[in-house]
Amino acid sequence: MNSVTLNPVLRFIFLCCLVFTTSVHPAHAVPDKVQSLSIAFDTIPQVCADFEGNCSAFVSYDFELSTDCTPDGLSIQVFLDLDNAGAPVPVPEALTGDFPNFTLSGDYPIGDHNFEIIVVNACADTATAILPFSVADCSLDEPVICLNGIAVLLEPGDSDNDSLSYGNGEAMIYASDFVHEPITADCSLPIKYAINKVGEPVDPDQGHLQLNCEDVGTVILQVWAFDAAGNSSVCETYILVLDNNYLCTEGAFTLQGLIATEEGDPLAFNALELQGFEDDLGYADALGYFDFLAFAQSDTATVAPLSPTDYTNGVSVSDVIIVADHLAGINPLPGPYKRIAADVNGSGSISVSDLISMQKIFLGISDSLSNASSWRYIPAAYTFPDPSNPWFEPLPESIQLTAPFPTLFTDLNFVAIKLGDVNGTAVTD
Ligand SMILES: [Ca+2]
Ligand SMILES: [Ca+2]
Ligand SMILES: [Ca+2]
């Protein structure tokens, strides 16, 4: 119990744990007479306010007076200093009771406040006391409720900066995504949400969580709501982490590329032969692009477009004339791709035999070529050492991939060449 006394000379002498003790004073305080008026009280514990109660709480504070003088004619003035701002205002309505027991009470908002009491008795003795009290937001007024059944797909990521490779599947999840309804009814807004895996440390500032290949499957999560006073509520949920792109499966990767002519006309639905893969075939789409998942079965794998058997496609008398002019040295074929197109029998050179084969094709005498495909496909990245002689070295007609395989191969592009068509009239869709 605190006993607070004051005499006209010395103000605010606090005598801890004494009740009505008027003859004991701190060593440094030398009163000029024995006190005959004192105020005693026990400091009240923190009072909790909630949203329902308008973020105020009912406070009831008892104190007791003692005096040697007659209690008749006692003057008791009471003040409230909100937030200890140093601006006390009279609150006579807060005071109830009869000598010697009194109570200060009322509804007061969240904060650290003081009651101040000034008592004067009939003998002109004066006593004052400061009664501190605290109204606090002690809880989250609404519990946080978790959503269940959320799934997330891992995407290619490279947060470890080792360039994209096997195991670089990532997904970011946010605490707020798991909150059924945001909490708005609380005395200490804003509410912030945090997330962690069960068993991992709780961090009020951890609003999101990065998942990776190690999390594929079901992950149990805790989702927290914290009010601005630091009160919290937690719920438990789970997330399904999916690796539909096989980013976390060794040897699985995506192949992307384009099959188009030298002029840029895409070859629709062209098939691709795959070697060293689980599947034997892949396909381009209507725009000549391919983008599919592949599973390597060896340390090297190759991708090569497959030629359709459309021998007559784009081959006409005009092509024969152009190739004849090339042979005669009148008008050489421009660039390596047109020269490869003119070598319809695949001999590695352009000769009269090629002219004869072309004539047979468009005359309908022969609709197949014994030594060559209908189309040939050269990796677009290939640079001809001698563009005037594309057969300077063996032509690459596939793209070889070597382990370790990244998760994604892009730009596996091929230039498609229709044999016998040197003026670009072959239909590609
Ligand atoms: Ca609260
Ligand atoms: Ca030839
Ligand atoms: Ca043609």
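Hi everyone, this short talk is about strands and sheets in one structure. It is a predicted model, in which local features need pLDDT of at least 70, side-chain atom pairs count only at pLDDT 80 or more, and totals for chains, interfaces and linings use all residues. Residues are numbered from 1 along each chain as its sequence is written, with chains lettered from A and ligands numbered from 1 in the order in which they are written.

Strands here are DSSP runs of at least two residues (E), numbered from the N terminus, and two of them pair if DSSP finds at least two bridges between them.

Let's begin with an open sheet of five strands, ordered E4-E11-E10-E6-E7 with mixed pairing. Its edge strands, E4 (47–49) and E7 (89–90), each pair on one side only. Inside this sheet, E6 (residues 75–81) and E10 (residues 111–120) run antiparallel, joined by seven bridges. Look for Val 78, whose bridge partner in E10 is Ile 117.

Next comes an open sheet of four strands, E12-E18-E17-E15, again with mixed pairing. E12 (150–153) and E15 (192–197) are at the edges with a single partner strand each, so one side of each has no neighbour in the sheet. E17 (residues 217–226) and E18 (residues 232–242) are antiparallel and share ten bridges; Thr 218 has Leu 240 in E18 as its bridge partner.

Finally, which side chains of strand E25 are buried? Ile 399 and Leu 401 are, on one face, while Gln 400 and Thr 402 point to the other and are not. Buried means that 20 or more other C-beta atoms, placed from the backbone, lie within 10 Å of the residue's own. Opposite Ile 399 stands Val 303.

Terms used
Buried ≥ 20, exposed ≤ 12 C-beta atoms within 10 Å, placed from the backbone.
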